[in-house]
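Biologist: I am new to this structure and should be grateful for a close look at a single part of it. Please choose one helix and describe its setting with care.

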Amino acid sequence: MNGSRRNSGSSLVSSSSASSNLSHLEEDTWILWGRIVNEWEEVRKKKEKQLKDLVRKGIPHHFRAIVWQLLCNAQNMPIKDQYSELLKMTSPCEKLIRRDIARTYPEHEFFKEKDSLGQEVLFNVMKAYSLVDREVGYCQGSAFIVGLLLMQMPEEEAFCVFVKLMQDYRLRELFKPSMAELGLCMYQFECMIQEHLPELHMHFQAQSFHTSMYASSWFLTIFLTSFPLPVATRIFDIFMCEGLEIVFRVGLAILQMNQTELIQLDMEGMLQHFQKVIPHQLDSGPDKVIQAAYQVKYNAKKMKKLEKEYTTIKTKEMEEQVEIKGQVTRAQEAEENYLVKRELATVKQQSEDASAQLEQAKKTISQLQQQQQQPQESVLQLERELVQARLKEAESQCALKEMQDKILEMEKRNSSLPDDTNVARLQEELIGVKLREAEALTGLKEQRQQVRDLEDHWQRHLARTTGRWKDGPKKNTLSELQDELMSVRLREAEAQAELRETRQRMLELETQNQIHSNQLRRAEQESRCLNERVQTLTTQNKDLNVQLQEIKRRQAEIECKSKEEVMAVRLREADNIAAMAELQQQISELEIQKEEGKVQGQLNHTDSSQYIRDLKDQIAELKHEVRLRKKTTKKKPSRSFSRLCFNWFLLLHVCLFCGRLTQVCYTHECRAGRKNNEMYCCIKWYC
């Protein structure tokens, strides 16, 4: 067992309890539990009642890990081999788990330090389970149960035990997002309070103190967040053996022990009592509350009955909700039907308006067709518009080229001219250079003054040294000292002069460096400005190209329209020519009838004069119509039908080229238009 532990610091009780100074009772307990573990299958089958009594008295700490695994049958689970693979995967609940890890047992040594071993293994187990059971994922209260398991055993075994608890101990239903099982537990617990503690139940109802306000954490964490850890661990021993029954028993026992105090408190006082007073009552140990819990009457059959009642209540609520939803959906459907009908009415009205507008448009089209007496003017107008569009296109292209040239010239001028910022920088550089020049001039003046002083000292020194040999030895030593002082001053002056020269060189180098850096900065700014101008010019060029394409498209549309109208005018001209030919033929027939009437002697008839007058009127009307037709048509073809054909007439045929209904001239002397009995379009071919 010691070899199966990963860290001795994860123990719940200090290791001093395992020292050699154990009492005989403890030694007997150890021997007894050792035999139970070794003979587990036989004890579980034959001595289940004795095993429950031993578990209620408490499992020794060092046997707790193996006994918990045996109680829930978590040994040798196949999912244990998948644990390492699950840790390599990513879970969508990782952020939530990381957020809640610091809140899990914040005062316990194993978990209180950030990024400690306890927090890391807790994160691993919770993450692995969230990947195994994606429906539940992660629930906040489950971390306390996993933390208690990690205090007793390594993380792989704790993961297996937690999976078994979720599957076989109703915890999975408690931690589902709907938490339906928690609602059932609250209902059952409230019914038990109503049965065993009616006065307290009435007080809770009077204060609107719902059961979930204090008991939900008992069922979700098995008292781990409400009681001291040793007490909660003893209760968890019994929970591993008997299930959620111990939670109902202990909860009712706690209420019985504190009934008198709770009846005298309001809602806030009761909450404070549950959070602060009740945990301190259990500091002495768990034996008292466990003994009181097993004095509570717990009827499993009645709990099943309450479960059925709760399910029926919930099903009725669901049915009512479904009925309400159905009513809402029916109302929505009725409203949608009303909206659809209204939209249909509007659509019908719009269709009627559209049909009326269509009829009006047809009338206007017919009127326009009737009023369209001068097609030549419209064709000429279209041709003029086409010419104007082409002229505008040419002008726009010329203007575009001129603008591009102007932009290039402006760029050249701007590149030659300095910016305001560049002028300011040049002024700053000029001021700096002048300051350095002034400093150099002052230094030069100081050096010249020092040279003059040194020359004066040198002349004095020479005057003194001329009489040095005439004087005594004391004066000679004094003169030697003065010579040395003079030489020291000369060396000092030379050193200062060299220092001044080096400073001057440094100043010159600094000025050159600043000038070069300013030049580089100006070059960068100019390049940036040029890039911006290039971008603006490219955008302008794109816009102009788009405009040019739009103008070309419009020009093409105008050309297509003009061509279509020219074709229509030519067709109308052909129709007019055909009508003129028919009228002339009628005139010739009438003249022939006139001549025949004269020959046959109709002039001698009583009605001959009237007949002649009628013929003349018809001839005049036909001539007048011919004149009108001639006015509406364009110039006549260069070759008239009368000159080319002697006996001719017009028929309608389908052109072999374009498929249109064309007028083809059949003559005895047809020069064009009929070749080998082929019919061509009258617009392209004339006889």
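Modeller: The account below turns from the whole chain to one helix, α4, and its surroundings.

The model is predicted, and the protein chain has an average pLDDT of 78. A score of at least 70 is reached by 78% of the residues. Two stretches call for caution. Over residues 1-22 the pLDDT stays under 50, and the model gives this stretch 38 contacts beyond four places in sequence. Residues 661-687 likewise have a pLDDT below 50, with 72 contacts beyond near neighbours in sequence.

As for the general build, the protein chain contains 24 helices and four strands. Of its 687 residues, 34% count as buried. When contacts between residues at least 6 apart in sequence are considered, 72% of them join residues at least 24 apart.

Against this background, helix α4 covers residues 61-71, and eleven of its eleven residues are buried, so the helix is largely enclosed by the rest of the structure. The buried residues begin with the pair His61 and His62 and continue through Phe63, Arg64, Ala65, Ile66, Val67, Trp68, Gln69, Leu70 and Leu71. After α4 comes asparagine 73, which has a positive phi, near 60°.

One of the elements beside α4 is helix α14, formed by residues 229-242. The two axes come within 9 Å and cross at roughly 30°. Because that angle is under 35 degrees, α4 is roughly parallel to α14. Their crossing is left-handed. On the α4 side, the residues that meet α14 are Arg64, Trp68 and Leu71. An α-helix has 3.6 residues a turn, so residues three or four places apart point the same way. The partners in α14 are Thr233, Phe236, Asp237, Met240 and Cys241. By class, the contact of α4 with α14 consists of five nonpolar residues, one polar residue and two charged residues.

A second helix pair offers a useful contrast. Helix α7 (residues 117-132) and helix α8 (residues 142-150) have axes that come within 10 Å and cross at roughly 120°. These two helices are therefore oblique to each other, and α7 passes α8 in a right-handed crossing. Their contact involves Val121, Leu122, Val125 and Met126 of α7, together with Ser142, Ala143, Val146, Gly147 and Leu150 of α8. It is made up of seven nonpolar and two polar residues, with no charged ones, whereas the contact of α4 with α14 includes two charged residues.

Terms used
Residues are numbered from 1 along each chain as its sequence is written. This is a predicted model: local features need pLDDT of at least 70, side-chain atom pairs count only at pLDDT 80 or more; totals for chains, interfaces and linings use all residues. Side-chain values use heavy atoms; hydrogens and water are left out. pLDDT is the predictor's confidence in each residue, from 0 to 100. Contact means heavy atoms within 4.5 Å. Axes are lines fitted to C-alpha atoms, for helices over the stretch in contact, and angles run from 0 to 180 degrees between N-to-C directions. Angles under 35 degrees count as roughly parallel, over 145 as roughly antiparallel, 65 to 115 as roughly perpendicular and the rest as oblique. A crossing is left-handed if the near helix is turned anticlockwise from the far one by less than a right angle, and right-handed if clockwise. Ala, Val, Leu, Ile, Met, Phe, Trp, Tyr, Cys and Pro count as nonpolar, Asp, Glu, Lys and Arg as charged, and the others, Gly among them, as polar. Buried means under 20% relative accessible area, exposed over 50%, partly exposed in between (1.4 Å probe, protein chains only).
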